[in-house]
Amino acid sequence: MVGYNQCGTSPLACSPELDVLDKSSDTESTMQVSVKKDANGRNAASPPTTLAQLREGEAGTLDRLDVPEDVARRLMELGFLPGHTIVPARSAPGGEPRVYRVDGSEVALRRETASRLILRATPKPAIGACKS
Amino acid sequence: MSDCHDCSSCAVATAPPPVRATAKPHVVAIIGPPNSGKSTLFNRLTGLRQKVANFPGVTVEQRVGRAKMNGNREVTLVDLPGVYSLNPRSEDEQVTRDVLTGQMQGVPKPDAVLLILDSTNLGRHLVLAAPILSLKLPTLVILNMADDLSNRGGKIDTGELASQLGAPVALISAAKGDGVEKVFQFMIGTSAGTASLAPPKVELPILQDVPRCRQWARDVGIGAAYEAPNPPLWTRRLDAIFLHPIFGPFIFLAVVAGVFQTIFRGARPIMDGLQRLITLSGHWIGNVLPAGVLRSLVVEGVWNGVGSVIVFLPQILLLFLFIGILEDSGYLARAALIADRTMAKFGLQGKSFIPLLSAYACAVPAIMATRTIENKRDRLATILIAPFMTCSARLPIYFLIIAAFIKERPFLGPLLGTQAAALLGLYALGFLAAIVTARLLKSSILKSERTPFMLEMPPYRMPTLRSLGLRMYDRSKVFLHRAGTVILVCAVVLWILAHLPLQNGKPPDISDSFAGMIGHAVEPVIKPLGFNWKIGIGLISSIAARETIVATLGTIYGIEGTENSVGLQQAMQNELTPGGAFALLIFFAFAMQCMSTIAVVRRETGGWKWPAVQFAYMTVVAYVCAMLANVAVRSGIFT
């Protein structure tokens, strides 16, 4: 069972698909202390590392966009800039796409995109500040 | 068939009317990010004096209008696509850049620019000011939604912003019309050549780098004492209902069902009335004109042919009224959000939902509505499957065949009879064909990286009557023009083919006419489907537009061609086997018999390749499925 908190510096390697429990490892893990996960697939205790792991209403600060350049540009034009604070709002039924409040507007993204937007380790609200 | 190809090409050629050549017009371009109220301002300034075409050589829509200044002076306004930057990444941005720098052929370089920004979201929207102002054209910076800004407690010092930017600034509300006179004053100034360019106080960012531009916009905003407004409370409250995990989908389904019901049930009496009016006026014209060739051509050819299109106008108007209300209010973005998961299963996305819904009325406006889909491949896939949706032009032949061949019995209790069930089944068939095709396309030739779905949720707003009226006027004009030209030409061509060659100076028997010869020629091909040569003529005429088959069959059997005609039902019962009737329904469900659609697909995809592929694919599917249906019924599978 791989949790996001163990991924260290390469969050790219942990796509949400990897997080799916398979039956064989499930039997082993019954011996261990089970780690509680919430609906976003995140350990309850650990801080969120991507936008997709933020809970509704919980603020996070964007660190970088792990997407192709043209997609990153579009996202940045919509307000998803490094340093900006993002707050997840309501989602479509079924949990995605979700609306995110960012830079004065609301933009809906699918989970696959949100999970590529990496948050800063210690969330500090710093609206508009930008990384050179 | 070749005649119909001719009429489609001339319909396309007549689409962009030539610009009236006067003394060099004063050209003003309107530019702004999406959701800035750009179209509202454009409509406010031009009213009905506008036309829609495409920029030459591309599929980007060009709206050009004329604004009357006081006196007789006129300004030509060009509405540019909504963009966030001028970096030529997308076709929209490329076109915007080319127009503003005077590199777009056939579009004169603008003399001045109206840059419209949402004042409630100024931090982000000001980013566009940097590349626009560095073009050094006389520019008015318009801060729209002034009413929203003050209602929600936001503030801006427009004088300070103007001196920061070195450009005049106007705080307006385009929807209410507040402050629009400042826009006129600016245009009067630029057309008289008195506008002067002040150098901006702040240095414009040279690199078009988003973070840097955003930082620049933030500094400018701080310099102009900009206070962002509070969050839109009403939007939050309404979203709590419309995006509620349980109520949300229910409201969504209710909205879709309501739109459907109104388009079909609500429009019915108006359409019937219109049909009666057309028939009556046809009779009246018939009485006025002397008997002979002219009367026959005018009444049977022109009047009935054009009438068969005008009859669908109420549906088109209602559809665009609904789409207008949904779009202007902001609900459309929520609907796309809710539909996205389902659409993603078929390889499409939430933005494909509205065009496909529109396609139930008519594929032509639906295909025009795909312009909101930025991803080229998703857009193309949506265009290619839209004609499978059961459009209203299929209904006349559906009604005729179902009434003639399916006995009305209770099917699922008393609520759903067999005839209604058959009709629903045909709707389901079209939908099934569409999603299967979408899957096929998206897993083969239109395979694309799932491009991220990014959709801005605009705040909810009250739609204005003015904007709804303009939209209906505009779209019905386009619809009538395009469909009317195609139908008119084809109706006349069919009439001529059915009345020539003359035998002893008289029109021939239908079997000996050119139309009859064509029907006999195609009979071997359509025989496996259970159709004879008369149905063949109907099929060929319906390549122009589906609904013409009923009128054509009426002409062939010498009976007034309406779907309610008992005489025509009897003729069908004599003419078709049950297998043939079933095959005819299946054929109409799948075949792309619509010149207007072919023409609009050619226009929207920029060439003949996609309409040709689409026509071939749909015809093959229709032919094979109809043949299977005929064989299945004949061999008694359904008994």
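In chain B of this predicted model, 71% of the contacts with a separation of 6 or more link residues 24 or more positions apart. The secondary structure of this chain comprises 27 helices and 10 strands, and 47% of its 639 residues count as buried. For chain A, the corresponding share of contacts between residues 24 or more positions apart is 56%. Chain A holds 132 residues, of which 35% are buried. Three helices and five strands make up its secondary structure, and along the sequence they follow the order α-β-α-β-β-β-α-β.

Confidence deserves a look before the details of chain A are taken up. The mean pLDDT of chain A is 69, with 58% of the residues scoring at least 70. Among its elements, strand β3 (residues 98-102) has the highest mean value, 93, and helix α1 (residues 23-29) the lowest, 40. The pLDDT stays below 50 over residues 1-35 of chain A, a stretch that nevertheless has 30 contacts in the model beyond near neighbours in sequence. Residues 128-132 of chain A also fall below 50, and there the model shows 11 contacts beyond near neighbours in sequence. Where pLDDT is low, predicted coordinates should not be read in detail.

Strand pairing within chain A centres here on β1. Strand β1(A) (residues 60-65) runs antiparallel to β2(A) (residues 85-91), and two bridges join them. In this pair, Thr61(A) is placed opposite Thr85(A) of β2(A). Strand β1(A) is also joined, again in the antiparallel sense, to β5(A) (residues 117-119), this time by three bridges. Here Leu62(A) faces Leu119(A) of β5(A). In a regular strand the side chains alternate between the two faces of the sheet.

Two backbone features of chain A sit in its loops. The peptide bond leading from Glu96(A) to Pro97(A) is cis, with omega near -5 degrees, and Pro97(A) belongs to the loop between β2 and β3 of chain A. Asp103(A), in the loop between β3 and β4 of chain A, has a positive phi of about 50 degrees although it is not a glycine. Asp103(A) counts as buried because 22 other C-beta atoms lie within 10 Å. Chain B offers a further case of positive phi: Lys136(B), likewise not a glycine, has a phi near 65 degrees. Lys136(B) is found in the loop between α5 (129-133) and β6 (139-144) of chain B. With 8 other C-beta atoms within 10 Å, Lys136(B) is therefore exposed. As background to these cases, most residues other than glycine have a negative phi, and most peptide bonds are trans.

The two chains meet through 30 residues of chain A and 28 residues of chain B. On the side of chain B, at least two residues come from each of α4 (122-125), α9 (210-223), α11 (247-288), α14 (331-345) and β10 (454-456). Helix α9(B) gives the largest share of that side, five residues. By type, the chain B residues that touch chain A comprise 14 nonpolar, nine charged and five polar. Strand pairing crosses between the chains as well: β4(A) (residues 105-109) and β10(B) pair antiparallel over three bridges. Ala108(A) has Leu455(B) of β10(B) as its bridge partner.

The largest nonpolar core holds 195 residues, and the residues with the most contacts inside it are Leu115(B) and Ile142(B). Helix α25(B) (residues 578-590) contributes the largest share of this core, 10 residues. What surrounds Ile142(B), once neighbours within four places in sequence are left aside? The contacts of Ile142(B) are Leu41(B), Leu114(B), Leu115(B), Ile116(B), Leu117(B), Ala170(B), Ile172(B) and Val183(B).

A last site to visit is Leu494(B), located in helix α20 (residues 465-499) of chain B. Leu494(B) is classed as buried because it has 25 C-beta neighbours inside 10 Å, where 20 or more are required. Apart from neighbours within four places in sequence, Leu494(B) is in contact with Ala515(B), Ser541(B) and Thr552(B). The C-alpha atoms of Leu494(B) and Ile540(B) are 9.5 Å apart, while the two residues are separated by 46 residues in sequence.

Note on methods: Residues are numbered from 1 along each chain as its sequence is written. Chains are lettered from A and ligands numbered from 1 in the order in which they are written. This is a predicted model: local features need pLDDT of at least 70, side-chain atom pairs count only at pLDDT 80 or more; totals for chains, interfaces and linings use all residues. Helices (H or I, at least four residues) and strands (E, at least two) are DSSP runs, numbered from the N terminus. A residue is buried if 20 or more other C-beta atoms lie within 10 Å of its own, exposed if 12 or fewer, and partly exposed in between; C-beta atoms are placed from the backbone. Two residues are in contact if their C-beta atoms, placed from the backbone, lie within 7 Å. Ala, Val, Leu, Ile, Met, Phe, Trp, Tyr, Cys and Pro count as nonpolar, Asp, Glu, Lys and Arg as charged, and the others, Gly among them, as polar. Two strands pair if DSSP finds at least two bridges between them. A nonpolar core is a set of buried Ala, Val, Leu, Ile, Met, Phe, Trp, Tyr and Cys residues joined through C-beta atoms within 7 Å. pLDDT is the predictor's confidence in each residue, from 0 to 100.
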